[in-house]
Amino acid sequence: MKHTTHTPALSGHYSVLIIGGGQAGLSMSYLLKERGISHLIIEKNRLGHAWRSERWDTFCLVTPNWQCTLPGYSYTGNDPYGFMKKDEIVEFMDGYIDSFHPPAVEGVAVIKVDRDADGRFIVETSQGTLSADQIVSAVGGYHLPIMPHAACRLPAHVTQIHSADYINPQSLPDGEVLVVGTGQSGCQIAEDLHLVGRKVHLCVGDAPRVARRYRGKDVVEWLDKMKYYDLPVDKHPLGTGVREKTNHYVTGRDGGRDIDLRKFALEGMQLYGRFNDIEDGVALFGDDLKINLDSADATSEKIKDSIDRFIAENGIDAPSEARYIPLWEPAIDAPVSLDLSRIRVVIWCIGFRTDFSWIKADIFDDRGYPGHERGVTAVPGLYFLGLPWQYTWGSGRFSGVARDARHLLEHIEALMAEPVRQIA
C-alpha cells in the first residue's frame with residue numbers, strides 16, 4: 001500500500017510543529033487534527049521511515065499484535081496474538097497514515113530549533129525556515145549508531161556494519177561472522193544467520209532474557225494483566241536508570257519463541273563473553289560468559305516467579321509448567337580470544353546514542369538526554385514524544401505512545417489558552 005499525505009506549502013507559522021513522522025509523530029498529529037489545531041509533521045525521510053528502511057528482512061515485532069494501538073487506529077487483523085513481520089508493520093503504518101491524512105512534508109531535514117526574542121520557535125530546515133508556538137520532538141531516542149574505538153583496529157579483510165545496516169545473510173560476504181552484543185537486535189541477527197547455516201561467533205553481554213510463553217499465555221499478556229506496562233518510570237525500582245537498561249531478548253519469529261543462546265551453542269554457534277578489544281588481529285573477550293548466561297536465565301525465572309505469585313494471589317486457573325533447565329554450560333576454559341583471520345564480517349549490535357544537538361535549549365544533561373517530566377520540558381511549548389521509558393515501558397512502542405501523546409495534548413491546549421506567552 002502506498003500511503004498518501006496532505007502536503008502543505010513549507011512556509012509560515014504553525015501552532016505546533018512535529019519533528020519526526022514515526023508512530024509518535026503520527027499519533028500526535030492525529031490528536032491535533034482531531035482538535036482542529038494547526039500543525040505540520042516534518043519528516044527527514046518518509047513517514048514511517050525506520051520501519052521501512054532500518055529493519056532487516058526477517059524483522060518482526062516482539063510484542064503481540066493486540067498491543068498495537070495508536071490514537072484512532074488499532075490492529076484489526078486475524079492474528080492478534082501473533083507478531084507482525086516487517087512488511088506487515090509497514091502496511092499497518094501506511095493504513096494509519098491513510099486513515100487521517102496527516103499534514104506532513106517528507107524529505108525535509110530539521111537543521112536547528114531555536115527561539116526568537118518573542119519566545120516563538122524558529123525552525124531551520126533544509127528547505128526553508130518555519131516558526132511555531134510549540135514544538136514536539138518525535139524522533140525517538142536511537143539516533144547515532146555506536147561503533148567502538150576498537151572498530152578501527154579490525155583487519156582490512158573484515159567487513160563491518162552496524163545492526164542498523166543489516167539486511168539479510170545474503171547481503172554479507174561469505175564466511176564466518178562475529179556478532180557483538182546480545183540485546184534484541186544482536187540475538188535476532190545471530191539467529192537469522194545461524195538458521196541459514198552461517199558460522200556465527202557471538203559476544204554475550206549482560207542483556208537479560210525473558211520467556212516467550214509461560215503457564216498458558218504469552219508473558220507479555222501476563223505482564224499486561226499484572227499492570228506492569230502501567231508502571232511509571234518514577235515508580236520503577238530502578239527509577240530513570242531503567243532507561244539505560246538493555247531490553248530483554250526474545251523473538252516473535254515463526255509465531256514467537258524463546259531465544260536460548262545455550263541451544264545455539266549446542267547447534268554449533270560459538271559463544272564468548274563480553275567484547276573487550278582488538279589487538280594484533282585478535283578479538284579479546286571477558287571471561288564472563290557463564291556469568292552472563294546465568295544472569296539472563298535468572299532474570300527470566302524471576303519474571304516467572306512474579307507471574308506465579310500473581311496467579312496464586314488472584315486464584316487464576318492456569319496450567320502448571322516446569323521451569324527452565326540449562327541445556328548447555330560453557331567449559332571452564334571457554335575461549336577469551338578469537339583470531340580474526342577466520343572472520344569475514346563483524347556486526348556491531350551495541351546500540352545507539354541520542355543526538356538532540358539541533359535543539360538549542362538548556363535542558364540536556366551531560367549525555368545529551370533531555371530533562372523532562374512525561375515529555376514536558378522546562379521550556380514552555382517544547383515537548384518530547386516516543387522516548388524509551390519516557391513515562392512507561394511502552395512509551396517508545398506502539399503500546400504506550402498514545403497515552404503519552406494525549407498527555408502532551410493537554411499541555412499543548414493549556415498553553416494555547418494562555419493569553420500571553422512569556423519567554424522562559
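Which residue stands opposite valine 177 in β19? I looked it up: valine 345 does. Strands here are DSSP runs of E, at least two residues long, and helices are runs of H or I, at least four long, both numbered from the N terminus. I took two strands as paired if DSSP finds at least two bridges between them.

**Entry 1. Ground rules**

I am working with a predicted model, where local features need pLDDT of at least 70, side-chain atom pairs count only at pLDDT 80 or more, and totals for chains, interfaces and linings use all residues. Residues are numbered from 1 along each chain as its sequence is written, and side-chain values use heavy atoms, with hydrogens and water left out.

**Entry 2. The whole chain**

I counted 8 helices and 21 strands in the chain. I then checked the radius of gyration (over C-alpha atoms; the globule rule is 2.2 Å times the number of residues to the power 0.38). A compact globule of 424 residues would have a value near 22 Å, and the chain has 23 Å, which agrees. Along the principal axes, the C-alpha atoms fill a box of roughly 70 × 60 × 40 Å. For burial I used relative accessible area: buried is under 20%, exposed is over 50%, and partly exposed lies in between (1.4 Å probe, protein chains only). Of the 424 residues, 51% count as buried.

**Entry 3. The parallel sheet**

I traced an open sheet of 5 strands in the order β10-β19-β11-β12-β15, with parallel pairing. β10 and β15 (270-272) stand at the edges with a single partner strand each, so one side of each has no neighbour in the sheet. Neighbouring strands are turned by 20° against each other on average, direction ignored. For such angles, axes are lines fitted to C-alpha atoms (for helices over the stretch in contact), and values run from 0 to 180 degrees between N-to-C directions.

I stayed with β19 (residues 343-348). This strand is mostly covered, with 5 of its 6 residues buried. β10 (residues 159-162) pairs with β19 in the parallel sense over 4 bridges. There, histidine 162 has tryptophan 348 as its bridge partner. β11 (residues 176-180) also runs parallel to β19, over 5 bridges. The opening pair, valine 177 and valine 345, links β11's partner β19 to this entry.

At the other end of the order, 3 bridges join β12 (residues 200-203) to β15 in parallel. Histidine 201 has glutamine 270 in β15 as its bridge partner.

**Entry 4. The antiparallel sheet**

Next I found 3 strands in an open sheet, ordered β16-β17-β18, with antiparallel pairing. β16 (275-279) and β18 (337-339) are the edge strands, each pairing on one side only. Neighbouring strands in this sheet are turned by 20° on average, direction ignored. β17 (residues 282-285) meets β18 over 3 bridges in the antiparallel sense. Valine 282 stands opposite aspartate 339 in β18.

**Entry 5. Cavities**

How many cavities of 30 Å³ or more does a search of the whole structure find? I got 2. The search runs on a 1 Å grid over the protein atoms alone; a cavity is a set of points where a 1.4 Å probe fits but cannot get out, and lining residues have an atom within 4 Å of a point. Points are joined across faces, edges and corners, and a volume is the space filled by probe spheres set on the points.

The largest has a volume of about 50 Å³. Its lining is Trp56, Thr58, Phe59, Cys60, Gln188, Glu191, Thr251 and Arg253. I sorted these into 3 nonpolar, 3 polar and 2 charged. In this sorting, Ala, Val, Leu, Ile, Met, Phe, Trp, Tyr, Cys and Pro are nonpolar, Asp, Glu, Lys and Arg are charged, and the others, Gly among them, are polar.

The second largest holds about 30 Å³ of space. Arg209, Tyr249, Asp260, Leu261, Arg262, Leu293, Ala296 and Asp297 line it. That lining divides into 4 nonpolar, no polar and 4 charged. α6 (261-266) and α7 (289-313) each supply at least two of its residues. α7 gives the most, with 3.

**Entry 6. Positive phi**

I looked up two residues other than glycine. Aspartate 254 has phi near 55°. Aspartate 254 sits in the loop between α5 (219-225) and α6, and is exposed at 63% relative accessible area. Tryptophan 389 has a positive phi of about 50°. Its loop lies between β21 (382-384) and α8 (401-417). Is tryptophan 389 buried or exposed? At 8% relative accessibility, tryptophan 389 counts as buried.

Conventions:
1 Å grid on protein atoms, 1.4 Å probe; cavity = no way out; pocket = protein on both sides within 12 Å on 5 of 7 lines; lining within 4 Å.
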